[in-house]
Amino acid sequence: MHSKSLVELAAGLQAGEFSSEELTRACLDRVGRLDGALNSFITVADEQALAAARAADARLQQGEAGPLTGIPFAHKDIFCTQGIRTSCGSRMLDNFTAPYDATVTAKLQAAGAVMLGKTNMDEFAMGSSNETSFYGPVKNPWNTDTVPGGSSGGSAAAVAARLVPASTGTDTGGSIRQPAALCGVTGLKPTYGRISRYGMIAFASSLDQAGPFARSAEDAAIMLGAMAGFDERDSTSVDRPVEDYRAGLGDSLKGLRIGLPKEYFGEGLDAGVAAAVEAALEEFRKLGATVTEISLPNTHLAVPAYYVVAPAECSSNLSRFDGVRFGYRAGNPQDLTDLYTRSRGVGRLL
Amino acid sequence: MSLEASDVEKIAHLARLGIDADDIPEYTRNLSAILAFVEQLNAVDTAGVEPLAHPLEATQRLRPDTVTEVNDRENFQHVAPQTEAGLYLVPKVIE
């Protein structure tokens, strides 16, 4: 069952070939057997998942199912989930159970998707290797001696290992795109404003955006369709209708022009990566697209600019973890400064 | 621009962030390297470049100034380390 795509699983559920409860149990069983070696999950929510699966089965029987009804998936542990711990990969939030759901959590729940649990990540989404989690590193399922990428490494690894057909992630400076590439799955950072960030723990607010992981463009399109949409609770949410992202999947690539920024292929490019990109371009050419070299002359400034914006916003956003309203608090504070300083200092230690 | 160990101590104090003295030399080196790295932005001529606030030209949305939320204090405070009578408790601030 685990080798089927999300679309195939949805068809199987709707045809009554298996129930969501059976599918959910099969996925949970795989997580139990295989995740010890990967560490892609921080929290597995068996009971809640099985309850959600039974509710999805009732919807399926009543003929009220959508494309995600009864489909197991996993959330990056950055999305608030009422009643289930949301740690953000940090000791600071090891004891934090959110008192409300993120909009993305609520939307996928409303679609009938079955959350198996929360996936591992670099602490507070800062990292590109998934080695900085309080809950230990995640391993790449293709070769457990290598990293899965980060910060959404657990979500990427869980999909790559066929523990779940899809998962959610967030991307500030590559945290979906890079682990998707390193784990060989499909990942997408949508346009800023497309998916609500309400209830998604903030890192750098002008860059953070949620997105899906899946095993194909079609599966990712279904996830994106369910996650996207205007939300008045996120002041940066864009009020535009959600398109049918599957609509263009069968379109021909004839006439499509792909610009290849020459600056991306400079010094330090690994020969294996270059060959993989060239092989992909060859596929696109065969499908009728043309590839043109272009120049983005300011490319070298992107990372320096990121290193101004992201740390400044991160410093601001993470100041809320102060031991007063939620999260870790140091014992026996002498005064308020001591409370802040030691809560943050101890919370940071691995 | 290069930082001194005392700068790092001062920044940590201002951020109310407890750090180990042993880590200060490494933080000083790393922060100095990042500052040197971002310095290359100073060389860019941005005269005539219009600031981009949003990729979709979106503007800040406003709403009527009315109450939209109900009081949910108990729910939010049950995750707090220490509360009393609906208030968050911290060490005494004013004598």
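Start by selecting S151(A), which sits in the loop between β3 and α5 of chain A. Look at the bond leading into this residue: the peptide bond from G150(A) to S151(A) is cis, with omega near 10°. Keep in mind as you go that you are looking at a predicted model, one that scores ipTM 0.92 and pTM 0.96.

**Along helix α2 of chain A**

Next, select residues 20-38 of chain A, which form helix α2. Where does this helix kink? The kink is centred on G32(A) and comes to about 40°.

Now colour the buried residues of α2(A): S20(A), L23(A), T24(A), C27(A), L28(A), V31(A), D35(A) and L38(A). As you turn the helix, it helps to remember that an α-helix has 3.6 residues a turn, so residues three or four places apart point the same way. To see what surrounds the buried residues of α2(A), show the elements they pack against, in chain A:

- the helices α1 (6-14), α3 (46-61) and α5 (153-160);
- the strands β1 (41-44), β2 (72-76) and β3 (114-119).

**Just past the helix**

Step on to N39(A), which follows α2(A) and belongs to the loop between α2 and β1 of chain A. Its backbone deserves a look: phi of N39(A) is near 65°, a positive value in a residue other than glycine. Is N39(A) buried or exposed? N39(A) is buried, because 21 other C-beta atoms lie within 10 Å, and the cut-off for a buried residue is 20 or more.

**Zooming out on chain A**

Pull back and colour chain A by its domain assignment: domain 1 covers 6-227, domain 2 covers 257-299 and domain 3 covers 304-348. If you place a marker at the C-alpha centre of domain 1 and another at that of domain 2, the two markers in chain A will be 30 Å apart.

**Over to chain B**

Select chain B now. Here you will find 3 helices and 2 strands, in the order α-α-α-β-β along the sequence. The radius of gyration of chain B is 23 Å, well over the 12 Å that the globule rule gives for 95 residues, so chain B is more spread out than a compact globule. Its C-alpha trace spans about 55 × 45 × 25 Å along the principal axes. Of the 95 residues in chain B, 1% count as buried. As for confidence, the average pLDDT of chain B is 92, and 100% of its residues score at least 70.

Two loop residues make good stops. The first stop is L62(B), in the loop between α2 and α3 of chain B. L62(B) counts as exposed because it has 7 C-beta neighbours inside 10 Å. Draw a distance from its C-alpha atom to that of A5(B), 57 residues away along the chain, and you get 45 Å.

The other stop is A85(B), in the loop between β1 (83-84) and β2 (87-88) of chain B. Phi of A85(B) is near 50°, again positive in a residue other than glycine. Which is A85(B), buried or exposed? With 5 C-beta neighbours inside 10 Å, A85(B) counts as exposed.

**Where the chains meet**

Finish with both chains shown. The contact draws 26 residues from chain B and 30 residues from chain A. On the side of chain B that touches chain A, the elements giving two or more residues are α2 (24-38) and α3 (73-77) of chain B. The biggest contribution among them is that of α2(B), with 3 residues. Colour this side of chain B by residue type and you will see 19 nonpolar, 5 polar and 2 charged residues.

Technical notes:
Residues numbered from 1 in each chain as written. Chains lettered and ligands numbered in written order. Predicted model: local features only at pLDDT ≥ 70, side-chain atom pairs only at ≥ 80, totals over all residues. Bend = angle between axes of the 7 residues up to and from the residue. Helix = DSSP H or I, 4+ residues; strand = E, 2+ residues; numbered from the N terminus. Buried ≥ 20, exposed ≤ 12 C-beta atoms within 10 Å, placed from the backbone. Contact = placed C-beta atoms within 7 Å. Domains from an automatic or database assignment. Nonpolar A, V, L, I, M, F, W, Y, C, P; charged D, E, K, R; others polar. Rg over C-alpha atoms; globule rule 2.2 N^0.38 Å. pLDDT = per-residue confidence, 0-100.
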